Amino acid sequence: GRGIGPAYEDKVARRAIRVCDLADQDYLGAKVDELLVHHNALLRGFGQKEINREELMNLLAELAPRLLPFAATVWQELDKARGDGKRILFEGAQGVMLDVDHGTYPFVTSSNTVSGAAAAGTGLGPNSLEYVLGITKAYTTRVGSGPFPTELFDQTGDALASNGKEFGSTTGRPRRCGWFDAVMVQRACLISGVSSLCITKLDVLDGLDEIKICTGYKLEGTHIDTVPDMAKLATCCPIYEVLPGWQTGTRGIKTFDALPQAARDYIDRLESLTGCSIDLISTG
């Protein structure tokens, strides 16, 4: 309901307004006319108020001088920075499994969220992505609808949500919580070319008697160890490996050796199941 989908629809339909268009008001007017032919027809069809061209042009004229000073030819700026030996950090805005092509379609966002999108989106070549850090919680969460095999509906799930303050950062919607899904994370690591992982919110698991890890699914009586299509995923039952919990706090611990043995065993097992080394652990 935030308009992301329609914005991408305009982009792929080649009628979208880009930042550079704001520099030429005449050209911008022609682009707006093209947009309004499409959107006002839809609004009329749904009995909604149409967009006023003059009001929209006045708004864009007001925005242009505020936005254009920040506009540049991004790929050139980044290529120069790279040539000067500077380090460039790209941050993914959403989870890998929300990728419109490779994620849990149709329960996805409207763009590509795999790490390769950093190259496509900025204009730098794929060889510029020298290291990919995958970030995942010590358990699994999801905002909105869609299949979620390890989702918890008990007191443990409530505790994860409460202790982890699990609410959507943009929408404020409560996140659904469940055990760590190693099958899903392994797939995300493969399709996003993850070099290593960062495990966050380890301290949210403090005090649990036991901790479960999903190592596969049971689908129609058959054990599978890959993520199937969404219709089948919705009918999958998780297959769990159970590890002992730790009864001491991990919040604020800054070295791996200082973690409780059970927490270290949990991290080691996640490394083994996902096929990725864990370079960073967050404990607060």
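# Exercises on a predicted model

Three strands, in the order E1-E5-E9, make up an open sheet with parallel pairing. Strands are DSSP runs of E with at least two residues, helices are runs of H or I with at least four, and both are numbered from the N terminus; two strands count as paired if DSSP finds at least two bridges between them. The structure is a predicted model, in which local features need pLDDT of at least 70 and side-chain atom pairs count only at pLDDT 80 or more, while totals for chains, interfaces and linings use all residues. Residues are numbered from 1 along each chain as its sequence is written, and side-chain values use heavy atoms, with hydrogens and water left out.

**Exercise 1.** Work out which strands stand at the edges of the sheet, and describe what lies across E5 and E9.

*Solution.* Begin with the edges: strand E1 (133-137) and strand E9 (278-281) each have a single partner strand, so one side of each is left without a neighbour in the sheet. From one strand to the next, the twist averages 25°, where axes are lines fitted to C-alpha atoms (for helices over the stretch in contact) and angles run from 0 to 180 degrees between N-to-C directions. Next, look at the pairing of strand E5 (residues 196-200) with E9, which is parallel and extends over three bridges; leucine 197 has isoleucine 278 in E9 as its bridge partner. Finally, helix H9 (residues 261-274) lies across E5 and E9, and runs at about 140° to E9.

**Exercise 2.** Describe the largest nonpolar core and find which element supplies its largest share.

*Solution.* A nonpolar core is a set of buried Ala, Val, Leu, Ile, Met, Phe, Trp, Tyr and Cys residues joined through side-chain atoms within 4.5 Å; buried means under 20% relative accessible area, exposed over 50%, and partly exposed in between, with a 1.4 Å probe and protein chains only. The largest such core has 31 residues, and those with the most contacts inside it are Phe180, Leu202, Leu205, Ile213, Trp246 and Tyr266. Helix H7 (182-191), E5, strand E6 (210-219) and H9 each supply at least two of its residues, and H9 gives the largest share, with six. To see one member's surroundings, take isoleucine 213, which, leaving aside neighbours within four places in sequence, is in contact (heavy atoms within 4.5 Å) with residues including Phe180, Ile239, Tyr266 and Leu273.

**Exercise 3.** Identify the aromatic pair and state where its two residues lie.

*Solution.* Rings of Phe, Tyr and Trp (its six-membered ring) pair if their centres lie within 6.5 Å, and planes under 30 degrees apart count as stacked, over 60 as edge-to-face and the rest as tilted. The count by this rule is one: tryptophan 246 and tyrosine 266 are 6.0 Å apart centre to centre, with 50° between the planes, and so the pair is tilted. Tryptophan 246 belongs to the loop between strand E8 (237-244) and H9, whereas tyrosine 266 is in helix H9, 20 residues apart. Tryptophan 246 is buried at 2% relative accessibility, and tyrosine 266 is buried at 1%.

**Exercise 4.** Determine how many disulfides there are, and check cysteine 198 and cysteine 237.

*Solution.* With a disulfide taken as a pair of cysteine sulfur atoms within 2.5 Å, the count is zero. For cysteine 198, the nearest cysteine sulfur belongs to cysteine 189 and is 12 Å away; cysteine 198 is buried, with 9% relative accessibility. For cysteine 237, the nearest is that of cysteine 236, 7.6 Å away, and cysteine 237 is partly exposed at 46%.
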